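Let's take a walk through this model, starting with its helices and moving on to contacts and empty space. Have the viewer open as you read.

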Amino acid sequence: MSEKRLALVTGGNRGLGLETCRQLAQKGFQVLLASRDLMIGEKKAHELQAEGLDVHSFQLDVADPNSIKRIYDEIRNRWNRLEVLVNNAGILIDQEQESTEVHHLEDLFRLHRENILHTFQVNVLGAFELCDRFGLLMQEQRYGRIVNVSSGLGQLSQMQDGFTAYRISKAALNAVTRIFASKFKDYDVLVNSICPGWVKTDMGGPQAPRSIEEGVLGIIWAATLPENGPTGGFFRDGKLIEW
Ligand code: NAP
């Protein structure tokens, strides 16, 4: 059996998730690249394997509790351990709809409701259920690093209008971080939120100032914290930021 530490990255097929898989594997992790579409995930994993990296693909739709249970059972049966969980998968769907012309107020209210519910399923519930399951496995092994990829748009101290569903979801994800950090505080299971900054990805867009490599630095930092490292915090580039 491989002695390598095992890391699971959600939304690992593109953007920050894919680069996180690459950098963790470069640091000696065996990386499980989870993607909603297995074919795309396999293609990306093969590309990283061609770079000499130990990366394997798994199907995971974080909005589907059955899919979460499946990957949990598979990891539990095959390895019975997980050292690092990066809850990276996320969506930002407000933009399209806020720019859509809405002629009836009722349509607008319905859109907001649908947006919030759908965004919550992916950005909050998915991460919550993964923390819930894998956190217990980490508690058993008395070691774990959980990184919840949040956003400055979820900071309550900076909260304002715009990207409503996304902002609410990331504020809630930060609450998830605090809850599990408290639950696992005595077991060397460190749970933190990080903000990658505004990064050039499909979500961030081409005008974003940061490269993907820069955005991923803070994720890797939180995934590889030493014993007695911080837990229950919100960080950008390894520095504490306000909730
Ligand atoms: P991205 O390029 O749009 O990638 C998003 C990833 O999430 C994709 O792999 C996507 O998979 C996956 N995903 C979406 N819904 C999913 C689901 N139901 N199940 C599994 N995977 C799902 O975005 P990114 O910029 O890399 O964002 C990664 C994380 O960073 C997100 O949580 C985002 O909120 C956060 N963030 C980004 C920025 C930024 O400026 N880019 C800033 C702050 C925070 P598919 O390919 O199948 O859609």
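The expected span of a helix is 1.5 Å times one less than its number of residues. With that yardstick in hand, take H6: its 20 residues reach 29 Å from the first C-alpha to the last, close to the 28 Å expected at 1.5 Å a residue. Keep in mind that what you are looking at is a predicted model.

H6 has a list of buried residues that mixes several kinds of side chain. Among them are Ala 165, Tyr 166, Arg 167, Lys 170, Leu 173, Asn 174, Val 176 and Phe 180. So a couple of charged names, Arg 167 and Lys 170, count as buried here, which means under 20% relative accessible area.

Now turn to H5, which runs over residues 105-141. H5 has 37 residues and spans 52 Å from first C-alpha to last, close to the 54 Å expected at 1.5 Å a residue. Where does H5 bend? Look at Phe 120, where the bend is about 40°. Just past the end of H5 comes Arg 142, with a positive phi near 55°.

How do H5 and H6 meet through their aromatic rings? Phe 128 and Phe 180 form a tilted aromatic pair, with 5.2 Å between the centres and 55° between the planes. Phe 128 lies in H5 and Phe 180 in H6 (residues 164-183), so this pair ties together parts that are 52 residues apart in sequence. The two partners sit in unlike surroundings: Phe 128 is partly exposed at 30% relative accessibility, whereas Phe 180 is buried, at 2% relative accessible area. Phe 184 joins Phe 128 and Phe 180 in one aromatic cluster. Across the structure, the count of aromatic pairs comes to 6.

Charged contacts come next. How many salt bridges does the structure hold? The count is 14. One of them joins the side chains of Glu 140 and Arg 76, at 2.9 Å from N to O. Glu 140 lies in H5 and Arg 76 in helix H3 (residues 65-78), so this salt bridge ties together parts that are 64 residues apart in sequence. Glu 140 is exposed, with a relative accessible area of 52%, while Arg 76 is partly exposed at 25%. H5 thus takes part in a link to H3 through Glu 140 and in a link to H6 through Phe 128.

Two other salt bridges make a nice contrast in setting. Glu 83 and Arg 81 meet at 2.7 Å, N to O, and both of these residues are buried. Asp 186 and Lys 185 meet at 3.7 Å, N to O, but here Asp 186 is exposed at 57% relative accessible area and Lys 185 is exposed at 55%. There is also a network of salt bridges, which links Glu 19, Arg 22 and Glu 51.

What about empty space? A search of the whole structure turns up 2 cavities of 30 Å³ or more. The largest cavity holds about 70 Å³ of space. Its lining is made up of 13 residues, and Asn 87, Ala 89, Val 122, Asn 123 and Ala 127 lie nearest its centre. Which elements give two or more residues to the lining of the largest cavity? They are H5 and H6. H5 gives the largest share of that lining, with 5 residues.

The largest pocket is another matter, with about 1200 Å³ of space. It is lined by 43 residues, of which Gly 90, Ile 91, Leu 92, Thr 201 and Met 203 lie nearest its centre. H5 and H6 turn up here again: along with helix H1 (15-26), each supplies at least two residues of the pocket lining.

One last stop is strand S7, which covers residues 234-236 and contains Arg 236. Arg 236 is partly exposed, at 29% relative accessibility. Which is the distance in space between Arg 236 and Gly 152, C-alpha to C-alpha? The two are 8.8 Å apart, although 84 residues separate them in sequence.

Conventions
Residues numbered from 1 in each chain as written. Predicted model: local features only at pLDDT ≥ 70, side-chain atom pairs only at ≥ 80, totals over all residues. Heavy atoms only, no water. Phe/Tyr/Trp six-rings, centres within 6.5 Å; stacked < 30°, edge-to-face > 60°. Helix = DSSP H or I, 4+ residues; strand = E, 2+ residues; numbered from the N terminus. Buried < 20%, exposed > 50% of the residue type's maximum accessible area, 1.4 Å probe, protein only. Salt bridge = Lys/Arg side-chain N within 4 Å of Asp/Glu carboxyl O. Bend = angle between axes of the 7 residues up to and from the residue. 1 Å grid on protein atoms, 1.4 Å probe; cavity = no way out; pocket = protein on both sides within 12 Å on 5 of 7 lines; lining within 4 Å. Points joined across faces, edges and corners; volume = space filled by probe spheres on them.
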